[in-house]
Amino acid sequence: MDMLSCHLNRTSDVPLYEQLYIFIKTEIIDGRLEYGSKLPSKRKLAEFLKVSQNTVETAYEQLVAEGYVDGIPRKGYFVLAYADLEYVHQAEASAEDEKEEETVIYNFHPSWVDTENFPFSKWRKYAKNSMDMQNHSLLLLGDSQGEFELRREIAHYLYHARGVKCAPEEIFIGAGSEFLLQQLVLLFKHQTVYGVEDPGYHVISRILSNYPNEVHPLEVDDEGVDVSTIENKQMNVVYVTPSHHFPYGSVLSVNRRVKLLNWAAAAVDRYIIEDDYDSEFRYSGKSIPSLQGMDQAGRVIYLGSFSKSLIPSLRISYMVLPKLLLQKYKNKLSFYHCSVSRIDQHILTQFMKNGDFEKHLNRMRKIYRRKLEKTLEMLKPYQEKLQVIGEHSGLHIVLAVKNGMDEKELIHRATEADLKVYGLSFYSMEKRYRGDPKIILGFAGIPEEELPKAIELLLVSWGFFSNSIDVG
């Protein structure tokens, strides 16, 4: 055979050789690698997957040891016939099916939002009006960049709320920031070297790592991303969350913003991807202006989304391309149809045009502020052992826990109490464990009246005080 198209996750805790071994084993069990098939040479597969030959050799030796392949000196590795493979496959599947479904009372996921206060009646009204004969054209494919009316509403909102300077013609709508990022990767050269905040939004680094590009972690501190780490490496494109770093919540300082913009302007192939994922929810001080609004050289690509401001399942995100990339995108990627339903776009357009989006944001800011205050109030008595990070904005906080438990044990104890929490290491490319273990605690998705109970259950599971509540 020519090659094995195995996608290795370099950010996973599972070693690369084990991922490769599992992949080949599954291919054999499922019959996609037939009896007698010759596996690629160790050297060629290592070059193709961009891993060491030792990684490939270790995976192959494990397969030989378990009888899936046979290694013949000076000839290579060949798939063996194994009569029991079908039975093994069925047994593994049955074991998987028999796993008990995880029970979770409260999920502190940092990306969850309040769904109970979604404006159902207003949205239903616009949805009903959209499905009308006079809108029959919505049943056809529309503009590849997204509906012009929606792009116009977004441009108007961005200018007044975030200081973003753009025209509707510069906006592209897509089904999630992940989809838009993949389009950007196709737009850039294969030699592009990326820098990604670490810790940060883990999906970004995972997407980029699946392409043949270098991806480097960028350190983050109280002033945001450390620009010096960018200047010291040959990077072309950096991904940052300057208005509210995920997950620490730090704001990129003015000094570093200027340095970052100067770095981008110093070479023709340098760009900054600014992800402004939840800037609507800031609870103290003025709103932080966008990096794009400061950009004079046209080097900032602005990403925004309605996942936090409305609902994640709507899957409507957008990006603003600088003029230097706009024509290049149209020449190279204009054949892509817009990945978002025209009907959903039309509903959102009416929702924004009639002022309901702004009303919804104002209401949700108050609700999320109350939820944050209740969370902080519950944690305050334990501030000597619970350091709160990033409590001024967003839908989550970070807890540095000082009770003698490591991250793994903190998560395990919460799981035993039917609670779901998320460790900082999950969001780090390099799995850094500096300082006290940290838990990212999302408070937005838990009902306001149940939030004190949820926090207390979590504190009980971590041994901060005896259980004094009726958990039902």
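Helices (H or I, at least four residues) and strands (E, at least two) are DSSP runs, numbered from the N terminus. With that in hand, welcome to a set of close-up views of a predicted model.

**View 1. Arg 43 has its place in helix H2, which covers residues 42-49.** Is Arg 43 buried or exposed? Arg 43 is partly exposed, because its relative accessible area is 42% and partly exposed stands for values between under 20% (buried) and over 50% (exposed). To get a feel for distances, pair Arg 43 with Val 254: 211 residues separate the two in sequence, and their C-alpha atoms are 49 Å apart in space.

**View 2. Helix H2 packs with helix H3 (residues 53-65) at an angle of about 120°.** The axes of H2 and H3 are 8 Å apart. H2 and H3 are therefore oblique to each other, and their crossing is right-handed. On the H2 side, the contact is made by Lys 42, Arg 43, Leu 45 and Ala 46, while H3 brings Gln 53, Val 56, Glu 57 and Tyr 60. Sorted by class, the residues of this contact are 4 nonpolar, 1 polar and 3 charged. Arg 43 from the previous view is thus met again here, as one of the H2 residues in the contact.

**View 3. Lys 50 sits in the loop between H2 and H3.** What is the sign of phi at Lys 50? Lys 50 has a positive phi of about 60°, although it is not a glycine. Lys 50 counts as exposed, because its relative accessibility is 59% and exposed means over 50%.

**View 4. Helix H6 (residues 148-162) and helix H12 (residues 342-353) cross at roughly 40°.** The axes of these two helices come within 9 Å. That angle makes H6 oblique to H12, and H6 passes H12 in a left-handed crossing. Which residues meet here? Glu 149, Leu 150, Glu 153, Ile 154 and Tyr 157 in H6 meet Gln 345, Leu 348, Thr 349, Met 352 and Lys 353 in H12. By class, this contact holds 5 nonpolar, 2 polar and 3 charged residues.

**View 5. Helix H7 (residues 177-187) packs with helix H11 (residues 323-333) at about 90°.** Their axes lie 10 Å apart. The angle makes H7 roughly perpendicular to H11. From H7, look for Gln 183, Leu 186 and Leu 187; from H11, look for Leu 325, Lys 328, Tyr 329, Lys 332 and Leu 333. The classes in the contact of H7 with H11 are 5 nonpolar, 1 polar and 2 charged residues.

**View 6. A cis peptide bond joins Asp 198 and Pro 199.** Omega of this bond is about 5°. Where is Pro 199? Pro 199 is placed in the loop between strand E5 (193-198) and helix H8 (202-209).

**View 7. The peptide bond from Phe 246 to Pro 247 is cis.** Here omega is near 10°. Pro 247 belongs to the loop between strand E8 (237-240) and helix H10 (254-265).

**View 8. Pro 289 is found in the loop between strand E9 (271-275) and strand E10 (300-305).** With a relative accessible area of 49%, Pro 289 is partly exposed. Which residues does Pro 289 touch, leaving aside its neighbours within four places in sequence? Pro 289 is in contact with Arg 162, Ser 243 and Arg 257. Ser 279 offers another landmark: Pro 289 and Ser 279 are 10 residues apart in sequence and 9.2 Å apart in space, C-alpha to C-alpha.

**View 9. Asp 418 lies in the loop between helix H14 (407-416) and strand E14 (419-420).** Asp 418 is a residue other than glycine with a positive phi, near 65°. At 28% relative accessibility, Asp 418 counts as partly exposed.

**View 10. Confidence varies along the chain, with helix H4 (residues 85-97) having the lowest mean pLDDT among the elements, 47.** Strand E11 (residues 317-320) has the highest, at 97. For the chain, the mean pLDDT is 88, and 92% of the residues reach 70 or more. Over residues 83-91 pLDDT stays under 50, and the model has 6 contacts beyond four places in sequence for them. Residues 466-472 also have pLDDT below 50; this stretch has 9 contacts in the model beyond near neighbours in sequence.

Methods: Residues are numbered from 1 along each chain as its sequence is written. This is a predicted model: local features need pLDDT of at least 70, side-chain atom pairs count only at pLDDT 80 or more; totals for chains, interfaces and linings use all residues. Side-chain values use heavy atoms; hydrogens and water are left out. pLDDT is the predictor's confidence in each residue, from 0 to 100. Contact means heavy atoms within 4.5 Å. Axes are lines fitted to C-alpha atoms, for helices over the stretch in contact, and angles run from 0 to 180 degrees between N-to-C directions. Angles under 35 degrees count as roughly parallel, over 145 as roughly antiparallel, 65 to 115 as roughly perpendicular and the rest as oblique. Ala, Val, Leu, Ile, Met, Phe, Trp, Tyr, Cys and Pro count as nonpolar, Asp, Glu, Lys and Arg as charged, and the others, Gly among them, as polar. A crossing is left-handed if the near helix is turned anticlockwise from the far one by less than a right angle, and right-handed if clockwise. Buried means under 20% relative accessible area, exposed over 50%, partly exposed in between (1.4 Å probe, protein chains only).
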